[in-house]
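Open the model in your viewer and keep the sequence panel beside it. Each stop below gives a selection and says what is there.

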Amino acid sequence: MLPASRYSSRAHRCIRALKAVQTEHAAPQLYTTLHSRSCSSVSAPRITTHYTIHPREKDQRWEGMEMERFADEADVVIVGGGPAGLSAAIRLKQLANEHEKELRVCLVEKASQIGAHTLSGACLEPTALDELFPDWKERGAPLNTPVTEDVFSILTEKHRIPVPILPGLPMGNHGNYIVRLGNFVRWLGEQAEELGVELYPGYAAAEVLFHEDGSVKGIATNDVGIAKDGSPKDVFERGMELHAKVTLFGEGCHGHLAKQLYRQFNLRENCEPQTYAIGLKEVWAIDEKKWRPGRVEHSVGWPLNRNTYGGSFLYHLNEGEPLVALGFVVGLDYSNPYLSPFREFQRWKHHPFVAPTLEGGTRIGYGARALNEGGLQSIPELTFPGGLLIGCSPGFMNVPKIKGTHTAMKSGMLAAEAIFPKLTAESLDSATAGLHVPEYAEALKSSWVWKELRAVRNIRPSFHNYFGLYGGMAYTGIFYWIFRGKEPWTLKHCGLDADQLKPAKDCTPIEYPKPDGKISFDLLSSVALSGTNHEGDQPAHLTLKDDSVPVSRNLAIYDGPEQRFCPAGVYEYVPVETGDGMRLQINAQNCVHCKTCDIKDPSQNINWVVPEGGGGPAYNGM
């Protein structure tokens, strides 16, 4: 927190009250059972108690509660303290300082600390960083491992087929750096604070606020002090409103406020549905004799079949000790409900090309997150009255590169540069109370970000063919390497990932080997390494639109795929206490905020909303 003089006294009292409630309820408790009441197969047990599903005005327990929220004003409010949000904040303050203008920029982040929810491979392309801070080396940016060696492979069950990385292919990493992205984001936060950005970690943006004319007015942070059954506690405290001339939404992949904005302003009318992947990651300390700092390894193929998109990475870090970051990515458009991305990851580590690196090592970190894979075709409208979308929220990831940090940062910088002249204009003429800045979208489409995404737009959808992986690789070799993406057509995706699952009766169950406790591990011991923690006595933030759907449809038709696609053991089907049927149990405290459930649920019945601020994973430089 910055000094209290930076914001109003009313806001200061509100933040102090919220912090007191958070501190009082910070006792760690990793796993929880949401409900233990018995139920029968006739009536579904009540699972969801969140006010977004059960409005407070219809709940007598909320009668007479003080619901006023303190409000504070800023020039710009930014939602999300990731690479895009921080780059936008930094660029705004740089411009303000250059032009000797006063500009108040406030950034809210749901993690307890800047960078605590950040997870990526990560192999960073420094293009945008060079533009934002040409002197980043002198400033001490934590880019310690330049790439020295690039390896790409097709794996079969027992063997490896090396694939040459030809010059110009997107898989090449010459000039890039292997980083722990959480550390890099934390460093960006330090640069932002030095420039005068007000950072508020631990406060989740829970609601979009609107002016009477329909334009965005700002956001409200989450309420605290609500019991698991949805009733107010004695320490209940309303969140705070932050109003701004323009609000930047940089929530990351599948942001829950962005979903509301898509509907409110019909932003996805002229684009394809977004398609996603889930990425799982571990950090290991390995035998120094096997350590090759700067080495980057990628693979496709086994253990996935040719029609399931995905692949792996293994990066050797150079940070004073022999560390490697390794992970597995599975496209969420897979069709077999028995597939478990987590268990595919654990199986992959036993491949003869991978296991020797890990043998004798120690696993020290685990996490997971969803990735946008739709590319250019799936980018929505980016601006609307009062706000705009930046970073991974709308989806600027270069899929074949497996990189999105540089494009996310550049989108934030371009947003700042488009906003600044309007914020500081002496005679501001706006049709709405919230500023509309269409110049941002125009600048983005004229930038290297758009050129880069356009060149690779067909690589991901090219995998949807009879030959799957191999057909996609052939397409990449012919049309990208030779023509550099200049083909006059644009391929389409298959639709929503949630619609791709086949009924369980039409699929073959997958038999996964048991973890050996040395190279492969069970799910719950993995989640324990993520540092995940939520205040236990709060409504589950994994909300269900209809509590009966999980058993009546997901379990009945798809054999409960949420218990397999979740990388944190949040969802379990357990027998009802009467012994008559099954019920869904939601272990909300396990949630690592990847939002895979919201994306892949075949019934689209799960709506992920923010829990109390400060909850979630505590990644240490993931």
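The tour starts with the whole chain and then moves from stop to stop.

**Whole chain**

Begin with everything selected. This is a predicted model. Colour it by pLDDT: the mean for the protein chain is 91, and 93% of its residues reach 70 or more. Now switch to cartoon. The protein chain has 15 helices and 24 strands. Its radius of gyration is 24 Å, close to the 25 Å that the globule rule gives for 622 residues, so the chain is as compact as a globular protein of that length. Along the principal axes, the C-alpha trace spans about 65 × 65 × 50 Å. Of the 622 residues, 62% count as buried. Take the contacts with a separation of 6 or more: residues 24 or more positions apart account for 79% of them.

**Residues 1-42**

Select 1-42 next. Here pLDDT stays under 50. The model still has 98 contacts beyond four places in sequence for these residues. Where pLDDT is low, the predicted coordinates should not be read in detail.

**A three-stranded open sheet**

Select 123-124, 145-146 and 177-178. The first two ranges are β3 and β4, the edge strands, and each pairs on one side only. Residues 177-178 are β7, which runs antiparallel to β3 and is joined to it by two bridges. The order across this open sheet is β3-β7-β4, with antiparallel pairing. Pick C123 and look across to β7: the bridge partner is I178.

Step back along the chain to A122. This residue is in the loop between β2 and β3. The peptide bond from G121 to A122 is cis, with omega near -10°.

**R104**

Stay with β2, but go to the loop ahead of this strand. R104 lies between α2 (83-98) and β2 (105-109). Is R104 buried or exposed? At 16% relative accessibility, R104 counts as buried. Now add E198. The two residues are 94 apart along the chain, yet their C-alpha atoms are separated by 7.9 Å.

**Aromatic rings**

Show the aromatic side chains. The count of aromatic pairs comes to 13. One of them is W62 with F236, an edge-to-face pair at 5.0 Å centre to centre and 85° between the planes. What does this pair tie together? W62 is in the loop between α1 (9-24) and β1 (71-79), while F236 is in strand β12 (residues 232-237), so the pair ties together parts that are 174 residues apart in sequence. Both W62 and F236 are buried.

Move on to F210 and F265. These rings form a tilted pair, 6.3 Å centre to centre and 50° between the planes. F210 belongs to strand β9 (residues 205-210) and F265 to helix α5 (residues 256-265), so this pair links distant parts of the chain, 55 residues apart. F210 is partly exposed, with a relative accessible area of 32%. F265 also counts as partly exposed, at 21% relative accessibility. Add F249 and F384 to the selection: ring pairs link F210, F249, F265 and F384 into a cluster.

**Charges over rings**

Select R56 and Y51. The charged end of R56 sits over the Y51 ring, 4.0 Å from its centre. Then select K349 and F345. Here the charged end of K349 sits over the ring of F345, 5.3 Å from its centre.

**Helix α5 and the loop after it**

Return to helix α5 and pick H256. H256 is buried, with a relative accessible area of 5%. Leaving out residues up to four places away in sequence, H256 touches A205, A206, E251, W608, V609 and V610.

Next comes N266, in the loop between α5 and β14 (276-285). Its phi is near 55°, a positive value in a residue other than glycine. N266 is partly exposed, with a relative accessible area of 44%.

**Last backbone stops**

Most residues other than glycine have a negative phi, and most peptide bonds are trans. Two more places are worth a look. D559, in the loop between α13 (549-558) and α14 (562-565), has a positive phi near 60°. At 28% relative accessibility, D559 counts as partly exposed.

Finish at P303, in the loop between β15 (295-301) and β16 (310-318). A cis peptide bond joins W302 and P303, with omega about 10°.

Key. Residues are numbered from 1 along each chain as its sequence is written. This is a predicted model: local features need pLDDT of at least 70, side-chain atom pairs count only at pLDDT 80 or more; totals for chains, interfaces and linings use all residues. Side-chain values use heavy atoms; hydrogens and water are left out. Two strands pair if DSSP finds at least two bridges between them. Helices (H or I, at least four residues) and strands (E, at least two) are DSSP runs, numbered from the N terminus. Buried means under 20% relative accessible area, exposed over 50%, partly exposed in between (1.4 Å probe, protein chains only). Rings of Phe, Tyr and Trp (its six-membered ring) pair if their centres lie within 6.5 Å; planes under 30 degrees apart count as stacked, over 60 as edge-to-face and the rest as tilted. A charge sits over a ring if NZ of Lys or CZ of Arg is within 6 Å of the ring centre and within 35 degrees of the ring normal. pLDDT is the predictor's confidence in each residue, from 0 to 100. Contact means heavy atoms within 4.5 Å. The radius of gyration is taken over C-alpha atoms; the globule rule is 2.2 Å times the number of residues to the power 0.38.
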